[in-house]
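Below are my comments on the model you sent, as numbered points. Please read them with the structure open.

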Amino acid sequence: MIFTKYNAAFRWVMIATSFIIVSLILWNTYEFFQHFKKEESIKMENWSFAQTDFINDETNGDLELTLKILSSNKTTPMLVINEDGSLGSYNNIDETKITDSIYVQKLIAKFKEENTPKHVKMGSTIVSTIYYGNSPLLNKLKYYPLALLLIIFLFSAVIYFFYSSNKNAVQNKLWSGMAKETAHQIGTPLSSLIGWTEILKTENVDPDYILEIEKDIDRLQTITERFSKIGSLPTLEPADIIKETLESFDYLKSRSSKLIEFEIKTPVDPIPVNLNKQLYSWTIENLVKNAIDAMKGRGKLKIEISQLELQVKISITDTGKGIAKKDYNKVFEPGYTTKKRGWGLGLSLTKRIIEDFHNGKIKVLQSEKGVGTTFLITLKRASHDETR
């Protein structure tokens, strides 16, 4: 689907139209409910008239129509209460409970709330009162608007998620295209830098300078490879997670403030994990740089690797400003950032690398305002067959 400048106006028109349609349906449902309720009231009024005729008939005349009306109620629950408070008759009520006086009193109270009672008179004297409730059909109709709203809500949710996923797909294609273009653009000056480095080697330049330049060129090549892999499924190969983490750790430590106290704790033996080395190092880099920013260039940063039978866990702990618990999941959303500068893509990209590309998990393990934060990465260990 191609999103155009008219989409916003189209969406508002659709929302307004849907609102009008829903309002009309609910209004018509309400009107139908009231009409049906009135019909039941008329039916019960006719029943009360028939009962009055039956009581007042002293000639034993033709009562066929009267008896037919009295026997016509097959759905509406009703109670006929005599003047002295005793139960005269009942229709469409559970016979096993009708002998319970408390149950009968509750029914009377309920019926009075639902409908106005009808009186049966002998002359001008009230001899009994008819209490009646809503029929099962009327009760079902009462909840129809709620069911309709639920269906509309679910339908709207489906449309929203379809639109959202479609939009995300377009954004992902855009980011992938930008990443690949960035890799392409970096490639040209990088090739030139490699050539100039070879020339400098022949000019008797201090070898230490050449070595540092080559390190940064290697770094640029790594960055180029990272960007080129965004938008395509990277290849995973068995690698020692300890060695890969140490390489990233040492590189970042050598280029960070001396006010940061770095510490890393790892098992002695190698731990094989299916990795894309470039993307994994990008993950460690993003987390370490976020930690340094959170500490404002001063504090303690610790990386710890631990292993279970089938998993390996990598925790990155800082002594920075911390994260509010309500924001634990938000930090991984694209665009979320607490910095004055930045696009808020680092942690979102990290989550994608770990969860989408490596089938692992990343989360904020714990955090406390003014104390620090611990991020935890969980990856599956490579099987013995995969490491051969």
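1. Of the contacts in the protein between residues at least 6 apart in sequence, 67% join residues at least 24 apart. This is a predicted model, and its secondary structure comes to 8 helices and 11 strands. Buried residues account for 32% of the 388 residues.

2. An open sheet of 5 strands runs in the order β6-β8-β9-β11-β10, and its pairing is mixed. The edges are formed by β6 (260-265) and β10 (361-368), each of which pairs on one side only. On average, neighbouring strands of this sheet are turned by 15° against each other, direction ignored.

3. Two helices pack on this sheet. Helix α7 (residues 277-294) touches β6, β8 (299-307), β9 (311-318), β10 and β11, and its direction makes about 145° with that of β8. Helix α8 (residues 346-357) touches β10 and β11, with its direction at about 135° to that of β10.

4. At one edge of the sheet, β10 pairs with β11 (residues 372-380) in the antiparallel sense, over 7 bridges. Within this pairing, Val364 has Phe375 of β11 as its bridge partner.

5. Thr373 deserves a look in the same strand, β11. Is Thr373 buried or exposed? Its relative accessibility is 3%, so Thr373 counts as buried. The side chain of Thr373 makes a polar contact with the side chain of Ser367, at 2.7 Å. Apart from neighbours within four places in sequence, the residues in contact with Thr373 are Ile316, Thr317, Asp318, Gly322, Ile323, Val364, Gln366 and Ser367. Val364 in this list is also the bridge partner of Phe375.

6. Helix α6 (residues 241-254) has 14 residues. From first C-alpha to last, α6 reaches 20 Å, close to the 20 Å expected at 1.5 Å a residue. At the start of the helix, a side-chain oxygen of Asp240 comes to within 3.1 Å of the backbone nitrogen of Ile242.

7. Which residues of α6 are buried? They are Ile241, Ile242, Glu244, Thr245, Ser248, Phe249 and Leu252. These residues lie on the same side of α6, because they cover an arc of only 165° around the axis. The general background is that an α-helix has 3.6 residues a turn, so residues three or four places apart point the same way. Note that the buried set includes Glu244, Thr245 and Ser248 alongside Ile241, Ile242, Phe249 and Leu252.

8. Two backbone angles should be checked by eye. Most residues other than glycine have a negative phi. Lys296, however, has a positive phi, near 55°, and Asn359, also not a glycine, has a positive phi of about 55°.

9. Where do these two residues sit? Lys296 is in the loop between α7 and β8, while Asn359 is in the loop between α8 and β10. The relative accessible area of Lys296 is 74%, so Lys296 is exposed. For Asn359 the relative accessible area is 55%, and this residue is exposed as well. The cut-off for exposed is over 50%. Both loops follow a helix that packs on the sheet, α7 in one case and α8 in the other.

How values were computed: Residues are numbered from 1 along each chain as its sequence is written. This is a predicted model: local features need pLDDT of at least 70, side-chain atom pairs count only at pLDDT 80 or more; totals for chains, interfaces and linings use all residues. Side-chain values use heavy atoms; hydrogens and water are left out. Helices (H or I, at least four residues) and strands (E, at least two) are DSSP runs, numbered from the N terminus. The expected span of a helix is 1.5 Å times one less than its number of residues. Buried means under 20% relative accessible area, exposed over 50%, partly exposed in between (1.4 Å probe, protein chains only). The arc is that of the directions from the helix axis to the C-beta atoms. A polar contact is a pair of N or O atoms within 3.5 Å; within protein, one must be able to donate a hydrogen and the other to accept it, and residues adjacent in sequence count only if both atoms are side-chain atoms. Two strands pair if DSSP finds at least two bridges between them. Axes are lines fitted to C-alpha atoms, for helices over the stretch in contact, and angles run from 0 to 180 degrees between N-to-C directions. Contact means heavy atoms within 4.5 Å.
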